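Reader: Got a minute to go through this one with me? I'd like to talk helices.

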Amino acid sequence: MEISFKTKIGAETLSIQTGKVARQASGSVVVQYGETILLVSVVSEKEEKPDRDFLPLSVEYQEKIYAAGRIPGNYFRREIGRPSEKETLTARLTDRPIRPLFPKNYSCETQVIATVLSMDKVNGPDILALNGASAALMISDIPFAGPVACVRVGRIDGKLIVNPTIEQRKSSDIDLIVAGSRTGIVMVEGSANMISESEMLEAIYYGHRQLQPIIDIQEKLAGSVGVPKRPVALKEKDAELAARLETEAREKIAKALTISEKLKRRQALADIGKSVMETLGEGYTDRKKEVLEMLSDMERDICRDMILNQGRRIDNRAFDEIRPITCETGLLPRVHGSSLFTRGETQVLAAMTLGSDRDEQRIETLSGDETEPFMLHYNFPPYSVGEVKRLSGPSRRDIGHGTLAKRAIEKVLPPKEAFDYTIRIVSEVLESNGSSSMGTVCASSLALMDGGVPIKEPVSGIAMGLVTDGEKTVILSDILGDEDHSGDMDFKVAGTANGITALQMDIKIHELSRDILEKALAQAKAGRLHILEKMKETISAPRKEISPYAPVVYKININPERIGEIIGPGGKMIRSIQSETNTQIEIDDSGLVKIASFSKEEGDRAAQIIRDIGMDPEVGKTYEGTVVKITDFGAFVQIKPKTDGLVHISELAPFRVKNVKDVVKEGDIVKVKVLEVKDGKIRLSRKAAMEEEKPKAGPDGKHKN
């Protein structure tokens with residue numbers, strides 16, 4: 001039976017429909033907003049696997065190019081298997097709010113797939129994926145503590161709007177995705193143009209109010225077609241084993257958790273696990289996984305108890321204290337800008353390189369082909385956490401962390417008109433013990449300033465944590481990896497001294513109150529400003545000059561009618577110029593020519609060739625040209641390819657000329673001055689050029705050499 005519920009969100013109607021398509025899935029819905037349509041399905045295996053100690057949930061988001069009425073532009077003319085960065089980011093955006101809402105011990109393989117079926121190029125499909133995933137889970141038999149919903153929040157001319165169009169987002173100073181339940185916030189992600197904490201809080205809770213109607217229609221849908229949720233067998237702990245572990249391990253774990261160095265702490269905890277297994281004896285060999293899981297839970301409980309009841313952290317810092325920070329710049333001589341940012345046991349090397357327009361990233365999206373002049377790539381090698389793993393392409397986590405850092409940084413970059421370069425930053429995480437993404441923000445900001453990129457202001461970032469038992473709540477600044485693992489929130493905030501540029505919040509509890517979020521933002525601001533001051537001790541403003549190894553970019557405006565002459569038949573001329581001068585040349589239809597060169601001499605040479613070919617002769621300017629034709633009344637001289645003018649016999653020399661051939665002949669190289677350009681005809685003078693070269697007399701009447 002087909003059932004649909006609708007609600008007005010912003011300028012469009014959001015509808016969620018079920019019962020018509022994909023009926024063999026555990027739950028499926030079609031979500032429509034404007035003419036943008038997504039199919040979202042969820043399937044979960046019927047058989048549980050109790051030996052799993054994690055939630056086997058996968059979330060996939062796929063954009064079909066046919067949805068925008070186009071054929072893919074790649075060689076295969078089909079969507080290539082590897083997800084794009086946009087697809088990966090949207091899958092993560094959908095995954096993070098729903099993952100905490102499954103029962104802790106749910107072990108059935110579960111998959112959510114969101115597919116874009118139609119894209120109107122007005123309303124973005126990404127936020128519909130989460131709304132559809134929650135609705136599909138709500139009507140299925142899969143245990144899920146929903147519903148949750150999300151909207152996008154923008155602000156134009158000081159007014160907050162919900163679900164701004166793709167065009168409106170270009171002029172919005174806030175671009176925020178807010179996910180929430182009926183009573184609280186479950187996820188926030190986005191960027192802003194240096195806004196205050198109070199403005200950000202207002203935007204977040206504006207979004208929370210706007211998503212309530214989506215919660216309403218999901219509940220109505222579940223009430224109409226939902227089925228009973230399948231029971232989840234509770235894993236009962238072995239009380240006798242738990243008691244033995246308490247006796248054998250609790251005190252030892254508590255002591256190990258006071259070791260501030262990460263690797264030593266991890267080794268001490270591993271040694272405790274090994275010792276416990278030896279004490280238990282051979283009878284527990286087959287239960288090693290169960291024992292280690294119980295020890296891990298004990299470690300988490302002890303860590304939380306330390307924070308909530310003993311008022312101390314693993315490394316004995318105050319709750320709002322930032323780890324020691326050191327910054328260095330200019331480490332890599334051939335890179336155009338570099339930095340090393342170290343905060344505690346988290347260390348990031350940032351390398352910044354500059355390029356021309358040709359180096360821009362070209363992306364095929366549902367909205368059409370786009371170019372990206374700023375790239376930030378994040379790499380998390382296994383040695384950064386003391387592990388051995390096979391190296392492969394960027395993971396979902398790498399893409400997500402890199403994009404978060406990119407959002408934080410791009411708000412302070414100069415406009416392309418003022419700094420006409422393509423910018424790429426690569427973040428190499430060399431050590432990690434908490435918030436390498438925010439370390440990437442700091443290192444990237446330092447590298448940009450080291451490279452002479454005229455950014456508006458430096459940017460820093462900080463990761464905040466939270467531990468709560470429902471009665472007591474502690475907010476932690478600059479969290480360690482173990483604090484992230486044991487805590488209830490990971491809240492990353494980046495910005496300048498004047499405001500927030502990016503943030504991302506995920507929680508492991510069901511929701512977060514406004515009061516806690518407000519306190520977290522205020523504490524994050526203090527930490528962010530502290531980090532900025534430490535960064536400014538190393539470099540406080542962009543260097544005045546870019547690296548001598550960076551390309552030099554020249555801009556020349558030519559007559560658009562001469563573009564064809566510069567390009568030449570089949571591109572022969574422009575290829576010849578690039579080959580001769582070792583440069584990259586780009587020309588647009590307006591006649592703007594951009595030349596990128598790694599050598600000033602080669603760049604100057606290319607610029608001169610372009611000027612010689614592409615610019616119209618200037619009256620009063622002298623050119624060197626070739627005599628191409630002799631007539632009775634004068635000589636025609638070519639002063640640039642396909643451009644020649646007449647030197648009348650009276651202008652051939654500073655004396656009377658009877659016969660043109662007495663003065664010049666075809667093939668001669670002569671200097672001529674432009675007297676007039678009219679109706680496409682050029683009048684030249686060899687006589688005037690010769691007179692200009694005569695030595696001039698000084699005040700004493702003598703000629704100067």
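Author: Sure, here is a short chat about some helices and how they pack. It's a predicted model, where local features need pLDDT of at least 70, side-chain atom pairs count only at pLDDT 80 or more, and totals for chains, interfaces and linings use all residues. Residues are numbered from 1 along each chain as its sequence is written, and side-chain values use heavy atoms, with hydrogens and water left out.

Reader: Okay, how many residues does helix 7 have?
Author: Helix 7 (residues 262-280) has 19 residues and reaches 27 Å from first C-alpha to last, close to the 27 Å expected at 1.5 Å a residue. Helices here are DSSP runs (H or I, at least four residues), numbered from the N terminus.

Reader: Which residues of helix 7 are buried?
Author: Among them are Ala 268, Leu 269, Ile 272, Val 276 and Met 277; buried means under 20% relative accessible area with a 1.4 Å probe, protein chains only.

Reader: And what do they pack against?
Author: The buried residues of helix 7 pack against helix 6 (239-256), helix 8 (288-308) and helix 11 (481-486).

Reader: What happens just after helix 7?
Author: Gly 281 takes a positive phi of about 90° there.

Reader: Switching topic: at what angle do helix 14 and helix 15 pack?
Author: About 155°, with the axes of helix 14 (residues 572-581) and helix 15 (residues 600-614) 9 Å apart. Helix 14 and helix 15 are therefore roughly antiparallel (angles over 145 degrees).

Reader: Which residues of helix 14 make the contact?
Author: Met 573, Ile 577, Glu 580 and Thr 581, with contact meaning heavy atoms within 4.5 Å.

Methods
Helices (H or I, at least four residues) and strands (E, at least two) are DSSP runs, numbered from the N terminus. The expected span of a helix is 1.5 Å times one less than its number of residues. Buried means under 20% relative accessible area, exposed over 50%, partly exposed in between (1.4 Å probe, protein chains only). Axes are lines fitted to C-alpha atoms, for helices over the stretch in contact, and angles run from 0 to 180 degrees between N-to-C directions. Angles under 35 degrees count as roughly parallel, over 145 as roughly antiparallel, 65 to 115 as roughly perpendicular and the rest as oblique.
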